[in-house]
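Colleague: Could you take me through one helix of this model in detail, and then show me how its surroundings fit together? I would like a close look at which side chains face in and which face out.

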Amino acid sequence: MKISNIVLISFTIPWIDKYSPYARQLNLLGHYLDSERITWISLGKTSELSLKHPEYNITYIGGGFENKPVIISELNELISHHTDDKSVIISLCDMNRFVMDTKFVMPSIAWFPMHHELLDRNTIHTLSNFDVIVVLNPSNVQNLQAQIPNSNVTHIPHMITHYEPKNKQSIQKKYNLPSNHFIVGMVFGNYDTLNRKSVDVGIFAFKNLVENMENIKCHMYIRAVTINNSIGHVQQLDIMNMIYMANISDYVTIDTTERTYEEGIELLSAIDVLLHPS
């Protein structure tokens, strides 16, 4: 089938919701997909919304699913209104928001980062209705194929643009990190109440490092951000309590400042090893 249009589905509009890693990723995606053949449906926005990106030739349509589940029959009706039958749907959403009362009206692809080794029944049912599932690494492909035997699963590696490291000591000084230390960085969004990112595992792993590296000064830099603190989002996990339980408060810096993407990349030059909880 010759594809005439790509329908991207997400819960945000990146150039409106300017802060958060998700907005950054989606805005970058918009840059590379700059085309009249892209229709972007932002599920979490009002259904009356219809905007053009200020830089890229992409149309954003509001889905109208702000505070309710995304019922596929309703979504199909919206998609059919804005595109033709030679389109392909690509979902960039969490599966738990979908209610699969029917199949998608056209070929569909689910981009699916796996947060848990075992899937719940609803996620299995939802993913089973996509024509293709895209995960981040080969082990996820094997895992999903074992849990959803008839699924078509492939992987596309996650990556960032190459960056040039800056002077380590100058960056450590800029962000008040100790020099002449082995710096362990842990960067994650602290917006999940269930600790599915296993932050405590990283903290206690660092405790073991401190106890077993007596001749090397170690320090942990934790960058824990909300999705968007400036609009009322709050830190969910009590990180300080975990640190006190591990008895490593003298070895840790916690940074909850909302930083630009450029600052986040710059901070990589200050650390020796990066833990990135998913």
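Modeller: Happy to! Let's begin with the outward side of helix H4, where Gln142 and Ala146 are exposed. One thing to keep in mind is that this is a predicted model. Across from those two residues, H4 has a buried set made up of Asn140, Val141, Asn143, Leu144 and Gln147. These cover an arc of only 165° around the axis, which puts them on the same side of H4. The general background is that an α-helix has 3.6 residues a turn, so residues three or four places apart point the same way.

What lies over that buried side? The cover includes helix H3, strand S9 and strand S10 (153-155). Leu144 gives you a residue-level view: leaving aside residues up to four places away in sequence, Leu144 touches Phe112, Met114, Leu119, Leu127, Ile133, Val135, Ser151 and Val153.

One of those partners, Leu127, leads us to H3, which runs over residues 121-128. In H3, Thr123, Thr126 and Leu127 are buried. They cover an arc of only 95° around the axis, which puts them on the same side of H3. The buried residues of H3 are covered by elements including strand S7 (98-99), strand S8 (108-111), S9 and H4.

Now to the wider setting of Leu144. The largest nonpolar core has 30 residues, and Leu144 is among those with the most contacts inside it, together with Ile9, Leu43, Leu75, Phe98, Phe112 and Leu127. Two or more residues of this core come from each of strand S1 (5-10), helix H2 (72-82), strand S9 (132-135) and helix H4 (138-147). H2 gives the largest share, four residues. As a general point, nonpolar side chains in soluble globular proteins tend to be buried together.

There is also a second, separate core, with 18 residues, including Met186, Met220, Ile222 and Ile243. Ile243 belongs to helix H7 (residues 239-246), where Ile239, Met242 and Ala246 are buried as well. Seen down the axis of H7, its buried residues fall within an arc of 100°, so they line one face of the helix. Tyr244 and Met245, on the other side of H7, are exposed. The buried residues of H7 pack against strand S11 (182-189), helix H6 (199-212), strand S12 (218-225) and strand S13 (252-255). Just after H7 comes Asn247, with a positive phi near 60°.

The pairing of H6 with H7 may interest you too. Their axes come within 10 Å and cross at roughly 30°, and the crossing is right-handed. On the H6 side the contact involves Val199, Asp200, Ile203, Phe204 and Lys207, which meet Ile239, Met242, Ile243, Met245 and Ala246 of H7. Sorted by class, this contact has eight nonpolar, no polar and two charged residues.

Finally, here is the whole chain for context. The protein has eight helices and 14 strands, and its C-alpha trace spans about 65 × 45 × 35 Å along the principal axes. Buried residues make up 41% of the 278 residues. Among contacts with a separation of 6 or more, 63% join residues 24 or more positions apart.

Definitions and conventions. Residues numbered from 1 in each chain as written. Predicted model: local features only at pLDDT ≥ 70, side-chain atom pairs only at ≥ 80, totals over all residues. Heavy atoms only, no water. Buried < 20%, exposed > 50% of the residue type's maximum accessible area, 1.4 Å probe, protein only. Arc of directions from axis to C-beta. Contact = heavy atoms within 4.5 Å. Core = buried A, V, L, I, M, F, W, Y, C linked by side-chain atoms within 4.5 Å. Axes fitted to C-alpha atoms, helices over the stretch in contact; angles between N-to-C directions. Left-handed = near helix turned anticlockwise from the far one by under 90°. Nonpolar A, V, L, I, M, F, W, Y, C, P; charged D, E, K, R; others polar.
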